Amino acid sequence: MAGLLDEISAYFSPDAVQARRAAINARLAGGPNPGYAQNYQDSFLAQNRNQEPLSVSTMRGAQEFLPGVGDVLALGEAGDAYSRGDYTAAGLLGAAGLIGLVPGAGDAIARPIAAAGRGAADLAGRIEIDPNTFGTMGGNIRIRPSQNIPRQVTENNVLSAVDRLSAEELAAAQPFTRTSGFAAPRVGGGRSRDPALFSDFSSKKQTGVPPSEWTVSGRSLPTSVQPPRNMTAEQFQREGFTDLTGFVADSTLGNAIIDEINGLRLPSPVMQQAGHAFGDNINDLGFMSEAGALTSKANAWGRMMDDGGRVAVTPMTMGTSGGDFSQHQAMNLVQAIRAAESQIDPNFVPLIGAAKNNNRLLPEGMGLLSPELPEYLTSLKGGQRAAFVKALDTSPALAAGVPSVGAVRWATMDPNLINQPTLSSGYRVFEPDLADRELRDFFVYPENHGSYDAAIQRVGENMTMGAPRPWTIQFPDEAYGKIMDSTPSGANMPMVNAMPKDLKSFQMNPNLSQTIDDQWVETNMMYDEILRQRGREQADLYAIDAMMNRATLAGR
């Protein structure tokens, strides 16, 4: 070992560095890259003076396996470290090169300007060697990601939310296991498309665990919730509510811990922080959002109250990917990835956008199997988390062994909201507490929610109208115009399903509301009766007729 260190020291001496730089400049001035063997002819890395080093031949064409190491050596950055007395940096970089972890020196020489921007000291400080492992093939060496990657999970995350539960709360938790109930793949396969291998939760054909075998296990937390109060349309009117308003919310599960998805035991259980059922909490909170969005909605509700109204607010359903932005769904996926590490291709790189653009999703130096991935995900904003989830909802990701994003979306969703049409509502309703709106202090800022930073309190209990009901019966005045705009001229039936543009319109419109008048109450009560006696399909057909009749009576 002493002889090796002496050779490393000699290689990084200031005179040797200057000599190699002069040789490199001469080669660059002389024309095209003369090839690996000549580049390394006088190199410390060469096995002999006339043979291409094994490290280069085995890694020919490698894609930045260890970013920056080859560039540092080619430009003498490690030599500068040695000349500054940074012997640790110089020695470690030389050792890394010796055992074959340098990409291609030809590539490094071709881009000296880019390489010069990488600091040798920073890189050396990120190299870790396990002294208990003999690293003849580099197994005892790793490079930590650059310092802009978080080193610890942020405080308001869904992992530590589980740790904060008391012993009593954990003891009261009720285990649950849920299966998908989807159709099984046909026996014997076949060349034609098998619909059982596709689901609404992913646009990609499912490989590995088929949708029919998706499972999720966890624990519900009854001590953290209180059941919502059942309310009919007639009761809302009788208690003085004048307007029903809404906001678009994801359909994810709440007040529960997920422990296992498709047989993968999550290394860290994940707290589910809800979409529609968030208001069932025992803390008198109605719902959470970003402070800016919440302010615009609260101001609109306040104007209704100033005009003498009383407002009821209901969450409205999104699509199956609506929860992608939430921290708990993204962390469900990350923990499933951690549980499946042994089956995931370590060379798989998730990309943003088309594969041909080769845009990395994660920071340089971080991959799906990097231990810092959970910390990184907790530091992102909602849109960035959604991009992460969508980048893994691809055929290449499935082929690389990444757990199904579709399965994670299904496991995260409140089972009562699965297969509900977009913009359905009434599953939960609450009255916002705006008593102190003039003082602008009606928001609270919980510290233990991973996705949002502000909450609005509710008055009294959370409420429910039962199973979600379509927008045609809940918001007929708003739905009618949008449906007519989407229906082609001459069509026999209106296109009653909400379109993506309708979802966006409802999501961005804080003034969305429906008057709770006698006609609205009567049609909702009839909807309930048909639902009880004849089922959901007939009730939904009635909702369409009721919406059209309302529009006719209003002269629309």
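**Close-up 1. The side chain of Q514 makes a polar contact with the side chain of D477 in this predicted model.** The two side chains come to 3.1 Å of each other. Q514 belongs to strand β14, which covers residues 513-515. With a relative accessible area of 1%, Q514 is under the 20% limit and therefore counts as buried. If you set aside the neighbours within four places in sequence, the residues in contact with Q514 include T242, D243, L244, F475, W520 and R550.

**Close-up 2. D517 and R550 form a salt bridge.** Here the closest N and O atoms are 2.8 Å apart. D517 sits in the loop between β14 and α23, while R550 is part of helix α24, so the pair ties together parts that are 33 residues apart in sequence. D517 is partly exposed, at 24% relative accessible area, whereas R550 is buried, at 10%. You have already met R550 in the previous view, as one of the contacts of Q514.

**Close-up 3. Helix α24 also holds a salt bridge between R536 and D540.** Their side chains meet at 3.0 Å, N to O. Four residues separate the two along the helix, about one turn. R536 is partly exposed, with a relative accessible area of 26%.

**Close-up 4. A network of salt bridges links D324, K390, D393 and R409.** Take a look at the pair R409 and D393, whose closest N and O atoms lie 2.9 Å apart. R409 is in helix α19 and D393 in the loop between α17 and α18, 16 residues away. Both R409 and D393 are buried. Across the whole structure, a search finds 16 salt bridges.

**Close-up 5. Strands β3, β4, β7 and β8 form an open antiparallel sheet, in that order.** The strands β3 (174-179) and β8 (264-273) are at the edges with a single partner strand each, so one side of each has no neighbour in the sheet. On average, neighbouring strands are turned by 25° against each other, direction ignored. Six bridges join β3 to β4, with T177 partnered by S217 in β4. Five bridges then connect β4 (residues 215-220) to β7 (residues 254-261), where G218 has I258 as its bridge partner.

**Close-up 6. Helices α15 and α19 accompany the sheet.** Helix α15 (residues 327-339) packs on the sheet and touches β7 and β8, its direction making about 175° with that of β8. Helix α19 (residues 405-412) lies across β3, β4, β7 and β8, at about 145° to β7. This is the helix that carries R409 of the salt-bridge network.

How values were computed: Residues are numbered from 1 along each chain as its sequence is written. This is a predicted model: local features need pLDDT of at least 70, side-chain atom pairs count only at pLDDT 80 or more; totals for chains, interfaces and linings use all residues. Side-chain values use heavy atoms; hydrogens and water are left out. Two strands pair if DSSP finds at least two bridges between them. Axes are lines fitted to C-alpha atoms, for helices over the stretch in contact, and angles run from 0 to 180 degrees between N-to-C directions. Contact means heavy atoms within 4.5 Å. Buried means under 20% relative accessible area, exposed over 50%, partly exposed in between (1.4 Å probe, protein chains only). A polar contact is a pair of N or O atoms within 3.5 Å; within protein, one must be able to donate a hydrogen and the other to accept it, and residues adjacent in sequence count only if both atoms are side-chain atoms. A salt bridge is a side-chain nitrogen of Lys or Arg within 4 Å of a carboxyl oxygen of Asp or Glu.
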